[in-house]
Amino acid sequence: MKSSRQMTPSGGSLTRSDVSAGHAGEPSSKVSLKVALVEDQPKVRESWNRLINSFPDFRCVCACASGEEALRVIPDHRPEVILMDIFLPRMSGIECTARLKEQLPETQILILTAMDDQELVFMALEAGADGYLLKRTKPMDLRAALLDVLRGGAPMTSQIARRVIESFRRKARARNESIRLSVREEQILLLLSQGYSNKLIADKLDVSIDTVCSHLKHVFDKLHVNSRTEAVVRYMASKQTST
């Protein structure tokens, strides 16, 4: 492939705000975005390296052959985007993604995969990846995906997007189902939400104030909160989510 790379000033770095401010969605040609590549196959790695460098607004700052090398080399380069092969020797691209995200939370990571394996891609997204691309992606589609993820997008198929949404819903339900309050505790929270004081709650339920305080302590522990207001807000939010 003949390179169409334009020369850029050395040391220039384009931020996400620069991408967003570009005319008609195009970044400035005066600087280039840093991309890191993790791919174990030498010929594929070199091909992607050349392809990235053929774009006037991107440059490949490092091309790693393994997850171990990526963890050692990439953090020093502080790239805006990392292209990560999902199948790597020893450490998988999924594990490498999770560990790099801990070190570089602002860096966008796009998974590269030869096969549209939804289960593996979904696992990579759960590990912190920001989207994924098939290795057969056309050059200009690659550039568009890089720009998209830097603008806050998440390149992925609609099927994978649906699985991500369903996962969030399952986790929300699991959190809510873990809140197991007794009937008395729910009664006290309901009265709290209506503005009743501990004394009035005790009078209404015909129990002592100490009993009300004991129930509230258990409620605070179960809901992981520290105040009456937090307890009411947390509980009411859980009830709305479950309906």
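Four bridges join strand 4 to strand 5, and the two run parallel. The structure is a predicted model. Its five strands form an open sheet in the order 2-1-3-4-5, with parallel pairing. Strand 2 (58-64) and strand 5 (131-134) stand at the edges with a single partner strand each, so one side of each has no neighbour in the sheet. From one strand to the next, the twist averages 25°.

**Strand pairing, from strand 2 to strand 5**

- Strand 1 and strand 2 pair in the parallel sense over six bridges.
- Across that pairing, Leu33 stands opposite Phe58 in strand 2.
- Strand 1 (residues 33-38) also pairs with strand 3, in the parallel sense, over four bridges.
- Leu37 has Leu83 as its bridge partner in strand 3.
- Five bridges link strand 3 to strand 4 (residues 108-113), again in the parallel sense.
- Two residues of strand 3 can be placed against strand 4: Val81 stands opposite Gln108, and Asp85 stands opposite Leu112.
- Between strand 4 and strand 5, Ile111 stands opposite Tyr132.
- As a general point, strands of a sheet pair through backbone hydrogen bonds, either parallel or antiparallel.

**Connections between strands**

- The chain leaves strand 3, passes through helix 4 (residues 93-103) and enters strand 4.
- This β-α-β crossover is right-handed.
- Strand 4, helix 5 (residues 118-126) and strand 5 also make a right-handed β-α-β unit.

**Buried strands**

- In strand 3 (residues 81-85), five of the five residues are buried, so the strand is largely enclosed by the rest of the structure.
- Val81, Leu83 and Asp85 point one way from strand 3. Ile82 and Met84 point the other way. All of them are buried.
- Strand 4 is likewise largely enclosed by the rest of the structure, because six of its six residues are buried.
- Both faces of strand 4 are covered. Gln108, Leu110 and Leu112 are buried on one side, and Ile109, Ile111 and Thr113 are buried on the other.
- Asp85 is thus a buried residue of strand 3, and Leu112, which stands opposite Asp85, is buried in strand 4.
- The pair Val81 and Gln108 joins a buried residue of strand 3 to a buried residue of strand 4.

**Helix across the sheet**

- Helix 2 (residues 42-53) lies across strand 1, strand 2, strand 3, strand 4 and strand 5.
- Helix 2 runs at about 160° to strand 2.

**Helix 8 against helix 10**

- Two packed helices are described by the angle between their axes and the distance between the axes.
- Helix 8 (residues 183-193) and helix 10 (residues 209-223) pack at an angle of about 95°, with axes 10 Å apart.
- The two helices are therefore roughly perpendicular to each other.
- Helix 8 contributes Arg184, Glu185, Ile188, Leu189 and Leu192 to the contact.
- Helix 10 contributes Val212, His215, Leu216, His218, Val219, Lys222 and Leu223.
- The contact residues of helix 8 with helix 10 divide into seven nonpolar, two polar and three charged.

**Positive phi in loops**

- Most residues other than glycine have a negative phi.
- Arg90 is not a glycine, yet its phi is positive, near 60°.
- Arg90 lies in the loop between strand 3 and helix 4. With 69% relative accessibility, Arg90 counts as exposed.
- Asp206 is not a glycine either, and has a positive phi of about 60°.
- Asp206 sits in the loop between helix 9 (198-205) and helix 10. Its relative accessible area is 72%, so Asp206 is exposed.

**An exposed methionine**

- Met140 is found in helix 6 (residues 139-150).
- Its relative accessibility is 51%, so Met140 counts as exposed; the cut-off for exposed is over 50%.
- Met140 and Leu51 are 89 residues apart along the chain. Their C-alpha atoms are separated by 9.9 Å.

Notes
Residues numbered from 1 in each chain as written. Predicted model: local features only at pLDDT ≥ 70, side-chain atom pairs only at ≥ 80, totals over all residues. Heavy atoms only, no water. Axes fitted to C-alpha atoms, helices over the stretch in contact; angles between N-to-C directions. Parallel < 35°, antiparallel > 145°, perpendicular 65-115°, else oblique. Contact = heavy atoms within 4.5 Å. Nonpolar A, V, L, I, M, F, W, Y, C, P; charged D, E, K, R; others polar. Buried < 20%, exposed > 50% of the residue type's maximum accessible area, 1.4 Å probe, protein only. Pairing = 2+ DSSP bridges. Right-handed = clockwise from strand over helix to strand, strands pointing away.
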